[in-house]
Amino acid sequence: MPALFRRVAEKDRKTIRLFVDGHEIEALEGDTLLVALLTRTRQLRHNEFDNAPRAGFCLMGACQDCWVWTEDGTQLRACSTPAQPGMRITTTEVPWLTNL
Amino acid sequence: MTTYPTNRMQADVIIVGGGFMGAATAFFLRRQGLSVILLERDLVGQAASGVNFGNVRRQSRYLGQLPLANRSRDIWLNLPRLIGEDAEFVMSGHILVTTSEKDGARLEKYAVDCKPYGLDLTIMTGDQARAKFPMVGPDIRTVSYSPLDGHANPRLAAPAFGRAARRAGARVIENTEVCAITKTSEDFIVETRNGQSFQAPLLQISSGAWGRAMAASFGEDIPFAANGPQMGVTEPLPYRIGPVIGSASSVLEEGVYLRQVKRGNIVYGGGRRSVADLVAKRSPIDPLNTMRQMPYLARLVPQIARLRVIRTWSGVEGYVGDNLPIMGPSSKVPGLFFAFGFCGHGFQLGPGVGMTMAELIATGRTDIPLEPFHIKRFQ
Amino acid sequence: MADEPVIVIGAGPAGTRAAQRLVQAGLRPVVIDENDRQGGQIYRRQPENFHRTPEKLYGTEAAKATALHTDFDLLRPRIDYRPGTTVWGVSDEGLMTVCGQDVTIVPFSRVIIASGATDRIMPVPGWTTPGAYSLGAAQIALKAQACAIGQKPVFMGTGPLLYLVAWQYLQAGARPAAVLDTSALSTRMKGLLRMASRARVVANGVRYMADLARAGVRLHAGITPRAIEASNNQVSGVTWCDSRGRLRQVSCDAVGMGYGLRSETQLADLLKCEFIFDPCFTQWRPHVDRNGRTSRPDVYLAGDGVLLRGADAAEAAGQLAACAVLRDGGHSVEDTEFTQLHETLAIMNHFGRGLAEAFPWPAHLAGALPDETVVCRCENITAGEIRRAAGELDAPEMNRAKALTRPGMGRCQGRMCGLAAAEILAAARNVPVREVGRLRTAAPVKPLPLNCTVKS
């Protein structure tokens with residue numbers, strides 16, 4: 001899959017593995033979730049109103065446009081959450097257990 | 001024919017206060033053929049009318065208010081035809097839920113009592129309710145379902161009536177604060193802070209929490225408090241909560257309510273209120289109340305706990321001592337009418353109040369029973 | 001609450017120097033930092049397992065960054081440091097903070113807010129496409145994560161940061177496809193006169209431009225942005241009009257955009273500090289005296305969160321606000337300390353005004369945005385919707401426009417779109433932008449989990 005971000009240094013860190021939309025990806029220790037995902041993929045979420053892909057904007061916790069979900073429905077702001085080994089992330093909202 | 005000073009604007013009716021009640025009255029007065037001047041201190045629908053929860057709910061109202069609420073509901077359904085927009089009204093249904101036996105018994109009794117007024121409610125057990133509304137939490141044991149109620153957007157409704165009134169020929173004058181109202185033998189003279197003067201034989205005070213002082217200036221004071229609702233809204237999520245869900249608990253802090261708008265956000269409120277500042281024209285939203293609301297919201301809909309609050313707010317609402325509005329003619333001054341102090345439950349009534357007050361002002365009578373709301377009850 | 005601690009919000013240059021000065025006077029301040037590590041944005045630290053040198057990370061500012069970090073590390077045992085903690089509201093009992101799911105009420109005797117700034121954004125068609133970032137984001141990706149936002153990014157906007165970030169990308173081996181500056185060369189020359197007071201800073205800027213030009217990066221001045229183009233849901237190019245009005249295009253895979261900065265003023269607003277319109281920066285900000293005192297006797301402001309003067313000024317302003325706190329609290333502070341800081345800041349003020357003149361906020365672009373351009377990226381509200389609020393719905397100011405058609409209603413509370421939305425509203429109503437006011441702040445300042453609880 002083509003990625004958005006490109007690593008330019010600090011590539012000799014320990015690798016960690018996490019899951020994004022069910023696929024295992026490799027990231028580096030010290031990555032934020034945003035970087036872990038965008039060095040592998042091209043989007044983090046979809047806007048609720050036009051469903052267009054979004055990939056964050058400010059990277060400093062201000063724009064609120066990089067929220068992703070864990071598979072249990074917890075939301076994480078990808079730019080300010082460190083990636084952890086074994087995390088299971090989804091880029092679409094996790095439906096409630098009890099849907100209409 | 002009276003002759004007026006040329007610099008003074010005149011009309012058949014002056015309405016002081018451009019909230020939902022004032023704006024709707026202005027609109028319906030034009031349909032009665034009367035000329036109207038609506039004076040609004042700030043912008044139409046900015047105070048209580050614009051910050052409330054947006055409930056278009058009849059159930060659990062004081063029974064004597066149901067004829068008015070029924071009339072209002074009929075108008076809500078017809079808003080697009082009447083004023084050209086729907087103010088996001090959706091007939092989503094409304095459920096009141098309880099966790100206690102005592103509150104459940106109260107709901108059951110109300111469902112029987114309201115039937116003669118044309119309000120049909122379905123009482124469900126918790127399990128029956130969860131089968132129909134799966135988002136309802138496991139603690140809920142009795143539910144009263146009102147399928148024909150719903151919700152609308154309070155930020156849009158009153159301004160929409162204001163614009164419709166203007167299109168219909170009312171003079172809607174914003175940013176104009178009334179500082180004095182006097183009565184001559186025939187007419188009311190209304191003076192404003194920006195030096196304007198208005199004159200009419202008929203006058204309605206519909207200035208919400210500020211109405212009490214105006215009524216008192218005509219010798220009709222009432223027990224009154226100005227409070228602020230504690231509102232909030234979550235981030236958007238796919239639309240999946242149908243009805244408005246409110247707690248029927250008799251414990252103040254448990255009494256929270258929520259609704260999901262079609263765009264996806266969940267709007268909520270309830271519990272304690274803050275004390276309003278009528279001079280500063282605002283009520284604080286206490287973040288501790290936001291914290292207090294959280295567990296009770298999650299009791300209604302447990303999945304809400306995984307969301308985030310993105311904004312909270314309050315506003316200035318007028319509460320009358322007996323928790324019923326002041327609506328109808330003055331008991332002392334001919335030509336003077338009141339429609340204020342709707343105690344945090346006026347939004348649903350807005351269109352009906354407008355139509356009924358217009359009827360009353362234009363014809364001197366209305367079929368809607370208003371006795372319980374007459375200001376004379378406090379004299 | 002006289003017995004309560006002094007709180008410092010923010011641990012960038014201003015917050016750090018404020019805390020340090022308070023500690024010097026024997027106080028033990030609470031320092032609340034939204035970031036997980038001290039440093040703020042401009043001196044943001046890389047994760048502990050990264051190895052780049054300060055020179056590599058902070059260039060000419062390496063010594064200052066190192067000093068700020070080292071000094072803070074020395075302070076640690078003498079302050080109550082709360083990293084990863086956001087102040088989200090204000091109650092009668094104190095500041096409401098949240099860390100994870102734990103809400104804490106923090107009483108204070110006085111509070112110094114050093115909340116910093118974010119990029120000032122002018123929307124452009126296509127700016128919500130993946131690959132389009134703020135300039136600050138482009139820099140943070142590089143500095144804190146050793147990543148480039150793309151292989152060949154375009155940097156568009158105005159201000160000195162445009163050239164610094166482009167230069168940093170060049171150094172990192174991600175050669176920019178172009179630098180597009182809305183400020184014309186002649187405009188920049190005018191501002192330069194005021195900027196002569198800090199020749200070293202100007203010389204750095206000139207060097208960045210020269211290095212970029214030497215590396216073959218085209219630097220375009222006086223441009224008018226047209227659109228960020230997308231292909232397959234990713235940035236593929238930028239179109240703009242050059243200073244002679246010709247439509248131009250450049251291919252790229254990412255855009256970093258920014259038009260100077262905007263202060264983070266929400267907390268001062270929740271604390272009911274008085275605001276004024278600052279014509280120099282063409283934005284509303286809290287009113288402060290020369291020492292950072294606000295209209296409220298227990299609230300002080302320092303750094304880019306109130307006056308956009310950059311990191312050096314922020315260090316001085318942080319120390320100055322701490323001096324004011326100390327003096328107002330009955331501690332003795334020498335007059336000479338105040339005087340020296342005032343002198344330092346006078347130069348910074350002059351320079352800041354020069355920068356604002358040289359790289360002006362292109363307000364006129366807002367009025368010309370096509371109706372279908374998304375302005376509020378949270379709620380997906382277009383310029384046309386804001387104009388509908390201005391016209392058909394008759395909204396005279398921003399909060400009314402927000403109530404009627406939702407610009408600024410979303411998760412970010414208008415941080416990204418608010419200033420541009422105000423320009424669109426003002427242009428549509430043909431009034432100066434100050435007359436349409438500013439978006440009121442509502443708690444929570446950042447989204448607050450509904451499963452959090454008050455920790456006593």
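The expected span of a helix is 1.5 Å times one less than its number of residues. In this predicted model, that rule can be tried on helix α1 of chain B, which covers residues 20–31. Because α1(B) has 12 residues, at 1.5 Å a residue the helix should span 16 Å, and its end C-alpha atoms are 17 Å apart, which agrees.

The surroundings of this helix can be described as well. Of the 12 residues in α1(B), 11 are buried, so that the helix is mostly covered; among the buried residues are B:F20, B:M21, B:F27, B:F28 and B:R30. After α1(B) comes B:G33, whose phi is positive, near 90°.

A separate part of the picture is the meeting of chains C and B, where 19 residues of chain C are in contact with 25 residues of chain B. On the side of chain C that touches chain B, three elements each supply at least two residues, and they are listed here.

| Element of chain C | Residues |
|---|---|
| β4(C) | 86–91 |
| α13(C) | 398–405 |
| β24(C) | 448–449 |

Among these, α13(C) gives the largest share of that side, namely three residues. Sorted by class, the side of chain C that touches chain B consists of 12 nonpolar, five polar and two charged residues.

The strand β24(C) also pairs across the two chains, since two bridges join it to strand β20 of chain B, residues 308–313, and the two strands run antiparallel. Within β24(C), C:P449 is the bridge partner of B:R308.

Conventions. Residues are numbered from 1 along each chain as its sequence is written. Chains are lettered from A and ligands numbered from 1 in the order in which they are written. This is a predicted model: local features need pLDDT of at least 70, side-chain atom pairs count only at pLDDT 80 or more; totals for chains, interfaces and linings use all residues. Two residues are in contact if their C-beta atoms, placed from the backbone, lie within 7 Å. Helices (H or I, at least four residues) and strands (E, at least two) are DSSP runs, numbered from the N terminus. Ala, Val, Leu, Ile, Met, Phe, Trp, Tyr, Cys and Pro count as nonpolar, Asp, Glu, Lys and Arg as charged, and the others, Gly among them, as polar. A residue is buried if 20 or more other C-beta atoms lie within 10 Å of its own, exposed if 12 or fewer, and partly exposed in between; C-beta atoms are placed from the backbone.
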